[in-house]
Amino acid sequence: MKYLFSDCEQEIANIWRTYAGFTIRPVPSTIHYYQRLIEDLNSNSPSFLYGATPEIRSIFQTLNKPLVVRDQSLTIIRAMGLLTTSGAPIAANEVIQIDHWLERDLQSYDFLIVDHAINMLLWEQFDDFFQIALEQLNDDGIFVCHLLIKPDEVFTKQSFDQVVNDYHCGLIDNIYDLASRLNFICYDDGTYQMGWQHTIHQLGAYQLSALMPDLDFINQFKYCNAMFTCPPQACFEHLASQYFNIVEVFYPHEYDYCQFEPVYVLQKRKL
Ligand SMILES: C[S@@+](CC[C@H](N)C(=O)[O-])C[C@H]1O[C@@H](n2cnc3c(N)ncnc32)[C@H](O)[C@@H]1O
């Protein structure tokens, strides 16, 4: 499935710039948390990134640490590269792999990191993803997994009018939370999925126009074709715990939606 409706690297980079603050890109507290974990890495062997997250690549570039970047799209990897500290489509410390995340990598690593990437998979694929990550992780290695989990039902069961009312009375006090709350009311309990185009189709242009000019939801997200699978937290932890010990769980804090975006630090279970 095409992730972004553009094939032009510069256009993709420009689109991605407009996503800062929204759930799509890591917020400053998450980036700072990643920075600390990566600075503490004492091995200088290559680390492994699922996806092309520019904020993570910039940390490895600044520390001049080797990084393997795997994404199914070379265009996305190069476009995201334009947003990194080096500004290069592919930096000198990076080795890229154009491949599916469910394909095994023969090499193993001390550090694996995922920023929202696992949400791109179907829930049925999470188990395979963990098994492969387990095989790619050295015994004392760590696996950092940042994902979106199922929002509370108090949010998923709201109506569109209730969300609009919460925004107008200030209970929702920024457009980043407003955008996420619109996705939340379109959450699919059957597949655990939500996504930008899905929300546009569910709510429609007429309803969404009620939030303009503050948030032009359709214009803001018209290029992003992501459907993200956000399992209930208990289900995610139950599955992860079959392969990993949960060493730490960090929660970013800039926006209300961050309560549904934990960052798990996982270590291989000694079977
Ligand atoms: C939400 S992002 C991934 C997360 C990460 N934050 C990023 O910025 O790259 C979506 C990216 O994941 C890639 N992608 C989605 N599913 C994939 C898969 N199964 N294997 C490899 N890449 C995948 C898409 O090509 C797209 O570049």
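Buried means under 20% relative accessible area, exposed over 50%, and partly exposed in between, with a 1.4 Å probe and protein chains only. The views below show a predicted model, in which local features need pLDDT of at least 70 and side-chain atom pairs count only at pLDDT 80 or more, while totals for chains, interfaces and linings use all residues. Residues are numbered from 1 along each chain as its sequence is written, and side-chain values use heavy atoms, with hydrogens and water left out.

**View 1. Two cysteines, Cys145 and Cys230, that are in no disulfide.** Cys230 is buried, with a relative accessible area of 0%, and Cys145 is buried with a relative accessible area of 0% as well. If a disulfide is taken as a pair of cysteine sulfur atoms within 2.5 Å, the count comes to zero disulfides. For Cys145, the nearest cysteine sulfur is that of Cys230, 12 Å away.

**View 2. The shell of residues around the ligand.** The ligand is surrounded by 16 residues, each with a heavy atom within 4 Å of it, and the closest are Ala52, Asp71, Ile76, Trp101 and Asp115. The shell divides into eight nonpolar, five polar and three charged residues.

**View 3. Polar atoms of Asp71, Trp101 and Asp115 beside the ligand.** A polar side-chain atom of Asp71 lies 2.7 Å from an oxygen atom of the ligand. On the backbone, a polar atom of Trp101 is 3.0 Å from a ligand nitrogen atom, and a polar atom of Asp115 is 2.8 Å from a nitrogen atom of the ligand.

Terms used:
Polar contact = N/O pair within 3.5 Å; in protein donor to acceptor, adjacent residues only side chain to side chain. Nonpolar A, V, L, I, M, F, W, Y, C, P; charged D, E, K, R; others polar.
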